[in-house]
Amino acid sequence: MSELPLKDPAPADDAAEAEPRPGHIRKPIGWSMIVIAALVAVSATLVWRRDGIDGVLEILTHDLSLFGGILPRVLAGCLLGAFITEILPHEKVSRSLGPNSGLKGLLIGTAFGAILPGGPFTAYPVASALLTVGADFGATIAMVVSWTLIGYGRAVAWELPIMGTDFTLWRIVISLPLPVLAGAFGRFVYVRMYPKVAP
Amino acid sequence: MSALIIDIILWASVASLGFIAFRRGRPVLTASLREGSMDFINIVPRIALGVIGSGYIAAVIPQEIITGRLGPNSGWLGVLTAVIAGAATPGGPVVGFSLGAVALKAGGGAPQVIAYVIAWALFAFQRVLLWEIPFMPARFVWFRAAVSVPFPFLAAAIAMAIGKP
């Protein structure tokens, strides 16, 4: 209703709000990272016992060059996420992708995931930014699942040439309803797992 | 080649969003740049661990186990095997789809291979560890993975029902 008069102070508000960004700044070391580090240490030891130090170094150099190649894209993904957090009007996002956005929110999330360019280095920072600016778990799940299942990037680059046209097309057709269903199921479970106090 | 196109699209998106931010005023642009760089600095160690570490995890998983029993007569047990195999497949899209193609050529049933590819897309542990957990709140990642569990099975059921591909 009062969207127009609000529009002017809104960016300043957003900028001020962006300072703490609750829920977004995460501890660099959490349990997930500790588990991963332990898994890596065990696997590296197994590789060392099996292939000796050469095997360990070979994987290390290969992965280091991969890491170097990925870094610029990670930076681009982080910048995309940050721009989206700053630019998108929070109240609009929470209206169209929030907990009460209904089927339409799930469809928007699905469409967004399907057309999002780039790889995981864009999809996850952008999804994380959407969560920050007011999308709920359901719409974000629809977006992430849609990106992995019907996003054109991976299908065109890898699946078509390797799996063949027939398989790929049918696989995508079968996948079409899944993002919306996953988002709806996510919402259904979320509301029951974290029942919030009536607003 | 396709990597170059991806990079162009990616940085073009960054540039156009940056331009929109700039039009909103310099503080908006500088705030976003600062936030983005801070996120980047926070995420680099996790990505490093993921990229450099997952090579070792991939090296100790034997691939024969993955495409073992996905024949057309394997039924729902085959689908279940396919789902676990999809989640356990190491490596990127080349490995995931190649193993799917191998399974198909080796006589794997279409619903089982569909379940394999979809489970790989949804749960491949390397992508979850390497990308999803570093970038997203851990609570979201586990929740997302948990509610996605029924869907490879649903996809296999649809494939069985329509008799395609």
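Me: In this predicted model, at what angle do helix H7 and helix H8 of chain B pack?

Reply: Helix packing is read from the angle between the two axes and the distance that separates them. Here H7 (residues 125–135) and H8 (residues 138–148) of chain B meet at about 130°, and their axes lie 9 Å apart. Angles over 145 degrees would count as roughly antiparallel and those of 65 to 115 as roughly perpendicular; H7(B) and H8(B) are therefore oblique to each other.

Me: Which residues make the contact between H7(B) and H8(B)?

Reply: From H7(B) come B:Val128, B:Glu132 and B:Ile133, and from H8(B) come B:Ala138, B:Val141 and B:Ala145. Five of the residues in this contact are nonpolar, none is polar and one is charged.

Me: How should I read burial along a helix, for instance which residues of helix H8 of chain A are buried?

Reply: One lists the buried residues and then looks down the helix axis to see where they fall. In H8 (residues 152–163) of chain A, the buried residues are A:Gly153, A:Arg154, A:Ala155, A:Glu159 and A:Met163. They fall within an arc of 160° about the axis of H8(A), so they line one face of the helix.

Me: What covers the buried residues of H8(A)?

Reply: The cover includes helix H9 (165–175) of chain A and helix H5 (93–105) of chain B. Just after H8(A) comes A:Gly164, with a positive phi near 90°.

Me: How many residues of the two chains are in contact with each other?

Reply: An interface is described by its residues and by the elements that supply them. On the side of chain B, 69 residues contact 74 residues of chain A. Among the elements of chain B that give two or more residues to this side are H1 (2–23), H6 (110–123) and H9 (150–162). H2(B) provides the largest share, 23 residues. By type, this side of chain B divides into 48 nonpolar, 13 polar and eight charged residues.

Me: What helices and strands does chain B have, and what is its radius of gyration?

Reply: Chain B has nine helices and zero strands. For overall form, one compares the radius of gyration with the value for a compact globule: for 165 residues that value would be near 15 Å, but chain B has 20 Å. The C-alpha trace of chain B spans about 65 × 35 × 35 Å along its principal axes.

Me: What percentage of the residues in chain B is buried?

Reply: Buried residues make up 50% of the 165 residues in chain B. As for sequence separation, among contacts in chain B with a separation of 6 or more, 75% join residues 24 or more positions apart.

Notes:
Residues numbered from 1 in each chain as written. Chains lettered and ligands numbered in written order. Predicted model: local features only at pLDDT ≥ 70, side-chain atom pairs only at ≥ 80, totals over all residues. Axes fitted to C-alpha atoms, helices over the stretch in contact; angles between N-to-C directions. Helix = DSSP H or I, 4+ residues; strand = E, 2+ residues; numbered from the N terminus. Parallel < 35°, antiparallel > 145°, perpendicular 65-115°, else oblique. Contact = placed C-beta atoms within 7 Å. Nonpolar A, V, L, I, M, F, W, Y, C, P; charged D, E, K, R; others polar. Buried ≥ 20, exposed ≤ 12 C-beta atoms within 10 Å, placed from the backbone. Arc of directions from axis to C-beta. Rg over C-alpha atoms; globule rule 2.2 N^0.38 Å.
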